[in-house]
Amino acid sequence: MLTRILTQGPIPRVEIARRTGLSQAAVTKAVAPLIDSGFVTDQAAAPVEGDSQLGIGRPVSPLTVVPSSVSVIGVKITPTSLIGVTTDFTAGILNIRHEELDDTAPEVVIDRLAAHVKALIGSLKSGTAVAGPLAGIGIAVSGDVDAAHGVVRDSPLMGWRGVPVAELLGERVRVPIVVSNDVRALTVAEHWFGVGVNADSFAVVTIGSGIGCGLYINGEVVSGAYGVSGELGHLPLAPGDLVCTCGRRGCVETVASSDAILARTRETTGRADLDLPGAVKLAHEGNQQAREAFDRAGEVIGSALAAMVNLVGPELVVIAGEGVAEYDLYEERMRRAFAEHAFGAAGDCRLMLRSHTFDDWARGAAATVIRSYVRGEPPLHR
């Protein structure tokens with residue numbers, strides 16, 4: 001009940017009854033303790049002019065979550081920075097904190113992360129916005145993450161293997177902790193608070209330093225039997241002579257990640273000092289070598305999207321990540337490759353561009369805490 005009000009509110013009791021098949025009396029009984037505990041409020045709405053029921057019966061009183069009833073912290077870890085946010089119960093961002101990292105050694109990052117989190121907790125206590133009790137801390141990291149145990153099993157971008165993030169952070173900060181793959185966390189945020197609220201199925205594909213994919217199918221964000229799913233960046237669709245950061249050959253990321261695009265542009269132009277903004281500038285100016293690098297990336301991304309859509313059949317694919325800033329450079333080739341390889345009606349799947357900042361990734365980490373909190377899932381560490 002709380003999930004429905006949180007993700008679809010404000011919503012009248014009669015609408016909840018219609019969607020759940022419960023009687024209005026049952027809905028009222030179920031909602032009463034949520035109102036008494038301060039999680040939900042009952043705000044009367046004035047009748048709409050022209051309504052056939054104007055002046056008849058009781059006014060509609062939609063139910064909505066009280067944002068300040070709970071506060072949450074979310075942190076996105078990258079090889080170069082910690083991006084943290086505090087949010088309310090609806091994942092509305094209250095405060096943002098960025099901190100640079102100059103070392104990715106796990107013990108160094110965890111120490112910095114603990115200090116970062118403590119500063120965010122301090123901002124909740126000293127901020128002007130009313131903040132409820134802290135429900136927990138969400139940590140988002142790229143790679144293979146065992147969310148059930150809070151362990152980063154393998155993160156090529158971080159250079160981590162078998163790092164028990166929840167345990168190590170829990171020794172320093174005595175707050176419930178949820179550790180997630182970063183793309184899956186972003187997918188949870190879109191499912192609960194974004195484009196996926198009313199979608200039957202969707203995918204979030206992120207393009208940047210890595211290529212990630214989160215899937216929402218059959219009413220749930222897919223985790224996979226082994227905690228791995230949607231690894232679009234590691235489909236073997238690129239030339240087999242290219243070695244990925246994961247150690248395997250021919251992965252999509254060897255052609256389509258921002259690092260791969262930059263490396264290809266440096267190689268073909270002979271400009272070893274070129275940075276990514278410089279490569280983008282060259283491509284926009286019509287430099288053929290730079291254009292070829294983006295075209296090649298678009299071809300492989302489009303083929304990977306088609307493979308995913310053919311297998312899973314989502315109604316919508318949200319394309320996000322820091323790489324969308326260069327989306328115009330590979331969109332045409334990507335859409336062409338997708339259309340060429342999507343089977344039958346799978347080609348009707350909508351491809352939607354959605355700009356995200358690293359703050360949104362951190363908000364995704366917070367959303368995973370909200371989901372666990374609402375579902376009553378036991379915290380990993382306290």
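At what angle do the axes of H8 and helix H10 cross, and within what distance do they come? In this predicted model, the two axes cross at roughly 145° and come within 8 Å of each other. Two packed helices are described by exactly this pair of values, the angle between their axes and the distance between the axes. The crossing of H8 and H10 is right-handed. On the H8 side, the contact is made by Ile261, Arg264, Thr265, Thr268 and Thr269. Facing them from H10, which spans residues 288-312, are Gln289, Ala290, Glu292, Ala293, Phe294, Arg296 and Ala297. By character, the residues of this contact divide into five nonpolar, four polar and three charged.

Arg264 appears again in a salt bridge, where its side chain meets that of Glu267 at 4.0 Å, N to O. Both residues belong to helix H8 (residues 258-269), and because they lie three residues apart there, about one helical turn separates them. The partners are not equally accessible: Arg264 is partly exposed, with a relative accessible area of 22%, whereas Glu267 is exposed at 59%.

Some of the residues that H10 brings to H8 also serve another neighbour. Ala283, placed in helix H9 (residues 276-284), touches Ala290 and Phe294, along with Arg291 and Leu329, when residues up to four places away in sequence are not counted. With a relative accessibility of 1%, Ala283 counts as buried, because the limit for that class is under 20%. For a sense of scale, Ala283 and Asp103 are 180 residues apart in sequence, and their C-alpha atoms are 32 Å apart in space.

Turning to the charged pairs, a search of the whole structure finds 22 salt bridges. One of the pairs is Arg13 with Asp42, whose side chains meet at 3.0 Å, N to O. This pair links distant parts of the chain, since Arg13 sits in helix H2 (residues 13-20) and Asp42 in strand S1 (residues 40-42), 29 residues apart. Arg13 is buried, with a relative accessible area of 17%, while Asp42 counts as partly exposed at 35%. Another pair is Arg97 with Glu99, whose closest N and O atoms are 3.1 Å apart. Here the acidic partner is the buried one, Glu99 having a relative accessibility of 18%, and Arg97 counts as partly exposed at 30%. Salt bridges also join into a network, which links Glu220, Arg371, Arg375 and Glu377.

The strands offer a further view of the fold. An open sheet of five strands has the order S5-S4-S3-S6-S10, with mixed pairing. Its edges are strand S5 (93-100) and strand S10 (177-181), each of which pairs on one side only. Neighbouring strands of this sheet are turned against each other by 15° on average, direction ignored. Within the sheet, strand S3 (residues 71-77) and strand S4 (residues 81-88) pair in the antiparallel sense over seven bridges. In this pairing, Val72 has Thr87 in S4 as its bridge partner.

Helices pack on this five-stranded sheet, among them H6 and H12. Helix H6 (residues 182-193) touches S3, strand S6 (134-141) and S10, and its direction makes about 105° with that of S10. Helix H12 (residues 358-375) touches S3, S4, S5, S6 and S10, and its direction makes about 130° with that of S3.

A further open sheet consists of three strands in the order S7-S8-S9, and its pairing is antiparallel. The edge strands here are strand S7 (144-146) and strand S9 (160-163), each pairing on one side only. The average turn between neighbouring strands of this sheet is 15°, direction ignored. S7 and strand S8 (residues 151-155) run antiparallel and are joined by three bridges. Among the facing residues, Asp144 stands opposite Asp154 in S8.

Technical notes:
Residues are numbered from 1 along each chain as its sequence is written. This is a predicted model: local features need pLDDT of at least 70, side-chain atom pairs count only at pLDDT 80 or more; totals for chains, interfaces and linings use all residues. Side-chain values use heavy atoms; hydrogens and water are left out. Helices (H or I, at least four residues) and strands (E, at least two) are DSSP runs, numbered from the N terminus. Buried means under 20% relative accessible area, exposed over 50%, partly exposed in between (1.4 Å probe, protein chains only). Axes are lines fitted to C-alpha atoms, for helices over the stretch in contact, and angles run from 0 to 180 degrees between N-to-C directions. A crossing is left-handed if the near helix is turned anticlockwise from the far one by less than a right angle, and right-handed if clockwise. Contact means heavy atoms within 4.5 Å. Ala, Val, Leu, Ile, Met, Phe, Trp, Tyr, Cys and Pro count as nonpolar, Asp, Glu, Lys and Arg as charged, and the others, Gly among them, as polar. Two strands pair if DSSP finds at least two bridges between them.
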